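Biologist: I have the model open on my screen and would like to understand the words used for it. Could you walk me through them?

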Amino acid sequence: MEIPFSESYKIKMVEPLRKTTREQREQWIKEAKYNLFNLRSEQVFIDLLTDSGTGAMSDRQWSALMMGDESYAGARSYYELKESIEKILGFPYFLPTHQGRAAENVLFSALVKAGDVVPGNSHFDTTKGHIEFRKAKAVDCTIDEAFDTEVEHPFKGNINLNKLEKVLKENPKEKIPFICVTVTCNSSGGQPVSIENLKAVYELSRKYDVPTMFDSARFAENAYFIKLREKGYENKSIKAIVKDMYQYADMMTMSSKKDGLVNIGGFIGMNDKELHRQCSTFNIMFEGYVTYGGMAGRDMSALAVGLDESTEFDYLETRIKQVEYLGNKLIEYGVPVQHPIGGHAVFIDANKVLCNVPKKEYQAQTLGIELYLEAGIRGVEIGTLLADRDPETRENRYPDLELLRLAIPRRAYTNNHMDVIAAALKNVFDRRDKITSGYNITWEAPIMRHFTVELEKA
Ligand code: F0G
């Protein structure tokens with residue numbers, strides 16, 4: 001008999017989960033103004049809102065935490081992290097920040113100005129927010145295949161080189177601070193970018209003399225997919241593939257809350273000493289002194305270990321196989337999901353599930369609320385609410401995909417939880433014809449509205 005697959009770790013500490021009733025959930029979601037972000041975590045049974053900062057640290061990380069050095073300047077923990085970043089990602093200069101968007105804020109303060117254009121593959125919402133906040137424009141150059149959930153393509157995060165070259169050709173290089181490549185591409189469904197594509201983008205960046213920046217939140221998951229799907233990489237270690245990826249980047253921003261395997265933290269990595277100097281001033285202003293930048297020493301020590309663990313094949317295999325397990329269960333039940341299954345999450349095609357709900361009543365949000373009511377599971381809308389309004393016309397921007405994301409925290413849940421999620425979603429799917437109306441906005445913020453939006457039943 002073939003020995004089945006099992007997790008590459010065992011559990012040393014547990015946290016209880018609380019079951020709730022449908023009546024309770026109906027009350028709570030109403031009080032939350034139908035915004036899943038407004039729920040208290042105790043009101044949630046399985047929390048798939050995000051895989052960001054929600055993972056479990058290892059025993060090695062917890063012991064590193066205890067050894068943290070909290071010195072304001074020159075802490076040992078800073079040097080541990082510096083060494084880890086240089087060894088794994090290859091950047092000689094780095095600045096710690098409190099999370100990914102803070103890294104964006106610091107780096108973009110040095111590089112992005114009004115009227116600039118930042119081409120890339122579907123920029124994450126905070127990345128886009130930081131670009132648009134500076135009156136610059138993010139141009140999405142992702143390959144067309146990414147916008148059809150049914151198309152099988154091994155690297156749906158790839159950049160369409162023609163689209164990219166058009167932007168590079170039509171704008172003077174002074175107006176393009178960098179090309180932004182998100183690995184894996186969250187907004188297109190946790191989809192990876194191939195080395196071949198990274199290399200081609202880099203070659204274009206040299207041709208037009210603009211730098212390349214990797215938004216690296218899930219860089220290790222990207223490397224795992226390269227190992228599995230790209231010819232010539234099957235026998236390389238994850239760490240070697242990561243090195244191969246980063247030879248094509250001039251700088252990176254990192255949300256360490258994902259593939260850093262910590263609960264808070266971020267950083268900027270760069271090759272250029274002068275850029276490091278420029279960013280240091282902004283880091284001191286916005287984050288903290290250059291050797292801690294918004295992170296406790298202990299968290300930097302835990303992150304140094306996290307980067308090492310997340311770039312190990314066994315960890316990644318366990319992680320991604322769990323996401324795949326959930327995805328395959330849903331496929332078995334006929335629920336339309338993004339193909340292939342992404343690295344950190346399963347994305348449900350809400351437009352195909354709730355076709356009786358009008359688009360303007362937020363299909364993916366409606367599906368998210370239904371799933372919560374069904375079994376206390378919290379996902380997140382990646383659709384019209386997130387896409388926000390056009391900054392100029394103030395009209396709703398309707399994205400190509402209306403998705404409900406079920407993001408899986410790292411090392412936190414078991415496959416029994418995945419079974420519960422799949423069954424709950426099947427129940428919603430089976431009664432989809434009876435769901436004919438969604439929600440209307442009663443209040444929204446002028447930018448990044450989805451976090452705080454308030455809704456009522458349509
Ligand atoms: N870039 C990507 C690709 C992200 O997915 C995120 C965060 C960030 C940058 C910002 O990092 O949260 O540390 O400030 N994504 C989370 C998510 C919030 O749920 O996907 P942050």
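**Reading the model**

Modeller: Happily! Let us start in helix α12, where Tyr-315, Leu-316, Glu-317, Thr-318, Arg-319, Ile-320, Gln-322, Val-323, Leu-326, Gly-327, Lys-329 and Leu-330 are buried. Buried means under 20% relative accessible area, exposed means over 50%, and partly exposed lies in between, with a 1.4 Å probe and protein chains only. Please keep in mind that this is a predicted model, where local features need pLDDT of at least 70 and side-chain atom pairs pLDDT 80 or more, while totals for chains, interfaces and linings use all residues. Residues are numbered from 1 along each chain as its sequence is written, and side-chain values use heavy atoms, without hydrogens and water.

Biologist: What covers the buried residues of α12?

Modeller: The cover includes α8 (219–229), α9 (238–246), α11 (297–310), β9 (345–349), β12 (403–407) and α16 (415–430). Contact here means heavy atoms within 4.5 Å. Helices (H or I, at least four residues) and strands (E, at least two) are DSSP runs, numbered from the N terminus.

Biologist: How do you know that the span of α12 is close to the one expected?

Modeller: The expected span is 1.5 Å times one less than the number of residues. For the 20 residues of α12 (313–332) that gives 28 Å, and the helix reaches 27 Å from its first C-alpha to its last. Just after α12, Gly-334 takes a positive phi of about 85 degrees.

Biologist: Why is Thr-253 called buried or exposed?

Modeller: Thr-253 has 2% relative accessibility, so it counts as buried. This residue sits in strand β7 (residues 251–255), and its contacts beyond four places in sequence include Ala-103, Leu-107, Phe-214 and Phe-267.

Biologist: And why does Gln-365 get its label, buried or exposed?

Modeller: Gln-365 counts as buried because its relative accessibility is 5%. It belongs to helix α14 (residues 363–375), and among its contacts beyond four places in sequence are Tyr-34, Leu-36, Glu-381 and Leu-455.

Biologist: What makes Ser-255 a polar contact of the ligand?

Modeller: A polar contact is a pair of N or O atoms within 3.5 Å; within protein, one must be able to donate a hydrogen and the other to accept it, and residues adjacent in sequence count only if both atoms are side-chain atoms. A polar side-chain atom of Ser-255 lies 2.6 Å from a ligand oxygen, so the pair falls within the 3.5 Å limit. Gln-99 offers such an atom at 2.7 Å from a ligand oxygen, and Asn-186 has a side-chain N or O atom at 2.8 Å from one.
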